[in-house]
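User: I would like to learn how to read strands and helices in a model like this one. Please start with the strands.

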Amino acid sequence: MKVLVGVKRVIDYNVNIRVKADGTGVETENVRMSTNPFDEIALEEAVRMKEAGTCSELIAVTAGDEASNEVLRSALAMGADRAIRIDVEQPPQPLNVAALLAAVARRERVDLVLLGKQAIDDDANQTGQMTAALLGWPQGTFASELTIEDGRARVAREIDGGQQILELELPAVVTADLRLNEPRFVKLPAMMKAKKRPIEDCTPDALGVDMRPRVERIQVSEPVPREAGVRVADVDELLDKLRNEAGVI
Amino acid sequence: MTNTILVVAETTADTIAASTLSTLTAARELRGTIDILVAGVAVEAVAESLASMADVRRVLVAEAAHLSGGLAEDLADLVAAHVDGYTHVLVPATTFGKNLLPRVAALVDTQMVSDVTAIQGAETFVHPIYAGNANETLRVLEPRKLLTIRPTAFSSEVLAGGGAPVERVDVGEPKGQSREAGLHVDASDKPQLESAGVVVSGGRAFGSADNFRLLEDLAADLNAAVGASRAAVDAGYAPNDCQVGQTGKVVAPALYIAVGISGAIQHLAGMTDSRVIVAINKDPDAPIFGVADYGLVGDLFEILPELREKIRVLRSEPDSELVEA
């Protein structure tokens with residue numbers, strides 16, 4: 001079966017982000033960027049499906065500016081067969097991304113769309129569900145296990161209070177939770193080889209997708225910082241403070 | 001224009017989830033008429049009890065077997081079929097709502113807003129981004145506003161005094177695209193992590209699942225819920241659904257005690273709105289001390305038993321009263 005994996009270029013998860021002084025966003029100049037961690041997990045799962053023989057072709061796709069080619073190169077180095085970049089200037093909103101993904105999924109006639117459950121920048125957790133809706137396909141969100149058998153996807157989902165097992169008709173959309181797998185490290189020779197591979201360029205127009213933003217950012221601000229606390233010397237002092245100062249015990 | 005609001009209720013077994021009550025509080029802030037949609041099987045009692053709450057105009061009941069497993073395919077069709085006439089649709093930002101509402105949003109061609117923590121007007125909402133390290137204020141240009149509501153940001157107090165009618169609605173046909181093949185839930189009688197008044201949370205420093213019991217014992221003494229860092233969950237010390245943080249649960253208890261947790265930004269995203277934070281860690285430079293009201297530097301294996309012992313003494317005093325959920 002053919003698998004489409006969506007990847008997003010985001011500020012690296014180890015970076016302490018800075019809010020711009022004018023409140024228009026977060027500083028991204030000279031900040032380390034990398035593939036969204038959840039997308040790496042989705043990609044790793046698809047690569048494992050290739051290795052197991054359940055995936056015949058693995059296509060990686062992103063929507064972003066030219067700098068986003070780097071996340072596609074790491075996808076190719078990890079094991080993707082092909083890469084597609086849909087050229088967009090502004091960071092697109094989830095519904096727009098879902099429309100792009102649905103269009104690519106239809107054009108490529110894929111059987112499975114694998115995505116991360118959320119991007120660590122907008123924290124939206126929407127794109128996979130929206131893509132499934134636009135395609136009319138079932139969804140397996142927050143997946144910690146995925147097996148394909150008899151034309152169905154069996155998905156173990158992380159839910160509040162435990163785990164739910166779903167069986168989905170294929171084609172389907174699955175979003176990866178952290179516990180789905182441990183992504184492999186990409187080795188340098190694979191990275192060098194991936195640099196020579198072509199990346200297909202595509203536009204929202206060619207896919208017939210309207211990229212008009214539907215939600216307007218008014219302001220980005222720093223959260224109110226917590227006031228600095230105190231160090232206590234021992235358990236007795238801690239309990240005294242909790243009881244007589246904070247009143248929580 | 002008057003706001004007309006549809007709240008999609010989350011129910012667990014045959015009770016109203018606390019997250020639904022928080023979502024109702026958020027809906028009240030929009031100052032309009034509020035309808036509540038309840039879907040599932042045997043939801044009669046839940047519907048009656050929602051109908052008795054203040055400010056509710058109608059409770060819509062969709063009772064059918066295919067709506068009971070929380071399957072997004074069937075539920076999203078149901079909700080999408082009922083959004084007409086509403087200016088706002090609100091769902092709790094739990095795994096239930098996060099799974100459901102984006103699907104509804106795409107079906108009705110609307111860009112939604114996730115994890116709303118403040119409502120500034122009929123079309124202006126605040127929500128955290130970058131693991132809670134920034135707050136984004138958005139104006140939604142869509143004719144209909146679809147929002148998931150972060151439960152810890154709104155009160156889950158029950159306001160009684162309503163008497164709304166309960167109406168049955170058309171349930172639609174099952175899609176049959178998905179099927180629940182199994183469900184494993186933690187059946188403990190301990191306080192729920194998201195709604196507990198006290199949370200004690202452990203990290204990698206415990207070293208083993210056996211040692212993690214020290215924390216569970218402390219939790220039992222405090223009538224607290226047990227939380228964990230991702231490191232502790234990945235190491236198998238605690239189950240997945242205990243995880244607090246950007247990718248786990250967001251909690252805001254009166255007291256959060258972090259034991260052996262360094263305080264990575266992903267963890268802080270899930271607990272920095274707690275009223276009082278205590279950190280117990282042997283590394284005096286651990287980032288958790290940057291957000292803790294009270295920090296105690298030391299070995300958790302010495303501190304926890306002493307803490308337990310002294311809390312027991314405190315609790316045995318007649319005037320002692322612990323914070324309840």
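Analyst: Two strands count as paired if DSSP finds at least two bridges between them. Keep in mind that this is a predicted model.

User: How many bridges join strand S14 of chain B to S16(B)?

Analyst: Five bridges join S14(B), residues 198-202, to S16(B), and the two strands run parallel. Within this pairing, Val199(B) lies opposite Tyr256(B) of S16(B).

User: Which bridge partner does Ile257(B) have in S17(B)?

Analyst: Its partner there is Val278(B). S17(B) covers residues 276-281 and is joined to S16(B) by five bridges, again in parallel. S16(B) is therefore paired with S14(B) and with S17(B).

User: Are the residues of S16(B) buried or exposed?

Analyst: The cut-off for buried is under 20% relative accessible area. By that cut-off, five of the five residues of S16(B), which spans 255-259, are buried. Leu255(B), Ile257(B) and Val259(B) point one way, while Tyr256(B) and Ala258(B) point the other way. Both sets are buried.

User: Now a helix. What should the end-to-end span of H3(A) be, and what does the model give?

Analyst: The expected span is 1.5 Å times one less than the number of residues. H3(A) has 15 residues, 94-108, so 21 Å is expected; the end C-alpha atoms are 21 Å apart, which agrees.

User: How many residues of H3(A) are buried?

Analyst: The general idea first: an α-helix has 3.6 residues a turn, so residues three or four places apart point the same way. In H3(A), twelve of the 15 residues are buried, so the helix is largely enclosed by the rest of the structure. Among them are Leu100(A), Leu101(A), Val104(A) and Glu108(A).

User: What do those buried residues pack against?

Analyst: In chain A they pack against strands S1, S4, S5 and S6 and helix H4. Helix H4 of chain B, residues 95-107, is also a packing partner.

User: Which residue follows H3(A), and what is its phi?

Analyst: Arg109(A) follows the helix, with a positive phi near 50°.

User: What is the wider setting of this helix in chain A?

Analyst: Chain A has six helices and 13 strands. Of its 249 residues, 56% are buried. Among contacts between residues at least 6 apart in sequence, 69% join residues at least 24 apart. The C-alpha trace spans about 65 × 45 × 40 Å along its principal axes. The accessible surface is about 11100 Å², with 47% belonging to carbon and sulfur atoms.

Conventions
Residues numbered from 1 in each chain as written. Chains lettered and ligands numbered in written order. Predicted model: local features only at pLDDT ≥ 70, side-chain atom pairs only at ≥ 80, totals over all residues. Heavy atoms only, no water. Helix = DSSP H or I, 4+ residues; strand = E, 2+ residues; numbered from the N terminus. Buried < 20%, exposed > 50% of the residue type's maximum accessible area, 1.4 Å probe, protein only. Contact = heavy atoms within 4.5 Å. Areas by Shrake-Rupley, 256 points an atom, 1.4 Å probe, with all protein chains shown as cover.
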